[in-house]
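Take a look at the protein below. This report walks through its inner spaces, its charged pairs and a piece of its surface.

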Amino acid sequence: MTKKTILANFIIFYSISSFAQANDSLNLQFIERYKENRQLSYTSPLSEIGAPSKYILSGKLTTTYMLLASKKLPVAFAVIPDFTVRVRNEKSAGVRTPSFRLGGATYVRLNNNLNNYKYAEIGFTHHSNGQDANAINTDGTINTYNGNFSTNYLTASYNFGNFTNHAAGKNYSSYNHKVGLEWHKWFAYEKALEDNYGFTRLNYNFSLRKYTFYKPKSKEKTQLEKEYLRLNADVSYAVNSISNSPIKGIKKRLNAELTANYSLPFMQNVFLMATAGYYGEDPYNIYFSDHYGFLRFGISTGFLKYKVKP
């Protein structure tokens with residue numbers, strides 16, 4: 001082997017090693033993006049104000065278990081549980097039919113710019129309510145008391161966003177987008193949903209987030225970097241065939257909500273939450289035939305930026 005060959009191989013090896021090391025940190029930082037872009041958990045008294053059924057409390061508990069999160073790979077995998085319950089305003093204060101969602105998501109990093117990020121996400125989710133009675137009553141109405149609900153679906157989405165330029169210690173913002181497709185028909189589902197449910201949905205989410213720095217009044221040099229505001233807009237539209245609902249039938253097909261989350265200075269990873277929205281198809285399992293406008297107030301939390309810096 002000549003000296004030139006040895007030198008060329010050394011240069012190639014060094015370049016590949018340097019690139020891999022440079023991406024080690026980037027792969028780990030993108031994992032933080034994946035988690036920050038997940039939905040928030042919330043607790044809401046007197047929730048879903050405007051719904052046909054009256055509730056005294058609702059809660060959503062979700063998190064992200066990153067099972068595959070290697071600094072060596074631009075691919076990550078997570079298990080994602082999502083449990084939503086509504087406590088009914090009645091003598092027994094029953095939950096009736098909780099929504100249990102359990103699934104997984106694979107993330108693929110698509111570029112090398114953390115502040116102008118792009119990644120793909122493919123997920124599978126099982127959604128059921130733990131009931132086993134008939135989904136349809138003898139009079140033809142939907143059995144929301146203990147009727148069975150189950151469906152399984154795939155989601156595919158493209159996520160992108162950008163962070164505004166900011167100097168050390170200066171407030172900044174981020175703009176985050178998620179465009180996706182939700183597809184149910186390849187998998188098992190409750191037969192009562194046939195021709196009455198949004199099996200194919202186009203989804204879009206936009207999130208504006210604001211970050212600030214809190215400096216202590218003492219002589220200490222540390223400062224707190226914190227996300228204090230998150231505005232979320234979610235829009236979903238069913239495009240499959242639905243009985244008595246043309247493709248332009250917004251009343252049945254459109255789900256949309258706008259949520260403001262604000263964290264006061266003394267709070268850590270908690271927001272005050274206010275939501276206004278419309279469900280053409282209530283996503284709370286067997287209540288899918290309900291459509292209504294609603295308000296929701298409470299507190300929310302999730303993977304938020306909260307870091308103490310020197």
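## Spaces inside and at the surface

The lining of the second largest cavity divides by class into eight nonpolar, two polar and one charged residues. Here Ala, Val, Leu, Ile, Met, Phe, Trp, Tyr, Cys and Pro count as nonpolar, Asp, Glu, Lys and Arg as charged, and the others, Gly among them, as polar. The model is predicted, so local features need pLDDT of at least 70 and side-chain atom pairs count only at pLDDT 80 or more, while totals for chains, interfaces and linings use all residues. Residues are numbered from 1 along each chain as its sequence is written, and side-chain values use heavy atoms, with hydrogens and water left out.

The second largest cavity holds about 50 Å³ of space. Its lining includes N27, F30, I31 and Y34, as well as Y107 and R109. Elements that give two or more residues to this lining are α1, β4 (75-88) and β5 (99-109). The largest share, four residues, comes from α1. Helices (H or I, at least four residues) and strands (E, at least two) are DSSP runs, numbered from the N terminus.

Pockets differ from cavities by definition. On a 1 Å grid over the protein atoms alone, a cavity is a set of points where a 1.4 Å probe fits but cannot get out, and a pocket is an open set with protein on both sides within 12 Å along at least five of seven lines; lining residues have an atom within 4 Å of a point. A volume is the space filled by probe spheres set on the points, which are joined across faces, edges and corners.

The table sets out two pockets.

| Pocket | Volume | Nonpolar lining residues | Polar lining residues | Charged lining residues |
|---|---|---|---|---|
| Largest pocket | about 340 Å³ | six | three | eight |
| Second largest pocket | about 160 Å³ | two | six | one |

In the largest pocket, 17 residues form the lining, and E32, R33, E36, K305 and K307 lie nearest its centre. Two elements, α1 (3-36) and β14 (306-309), give two or more residues to that lining. Helix α1 gives the most, with five residues. The lining of the second largest pocket includes N196, K252 and H291.

## Charged pairs

How many salt bridges does a search of the whole structure find? It finds 15. A salt bridge is a side-chain nitrogen of Lys or Arg within 4 Å of a carboxyl oxygen of Asp or Glu.

R38 and E121 form one, at 3.2 Å from N to O. R38 sits in the loop between α1 and β1 (41-45), and E121 sits in strand β6 (residues 118-128), 83 residues apart. E121 also pairs with K178, at 3.5 Å from N to O. K178 is in strand β8 (residues 172-183), 57 residues from E121.

Is E121 buried or exposed? E121 is buried, because its relative accessible area is 6%. K178 is partly exposed, at 27%. Buried means under 20% relative accessible area, exposed over 50%, and partly exposed in between (1.4 Å probe, protein chains only).

R230 and E227 form another salt bridge, with the closest N and O atoms 2.7 Å apart. Both R230 and E227 are buried. Salt bridges that share partners also join E48, R86, E257, D282 and R296 into one network.
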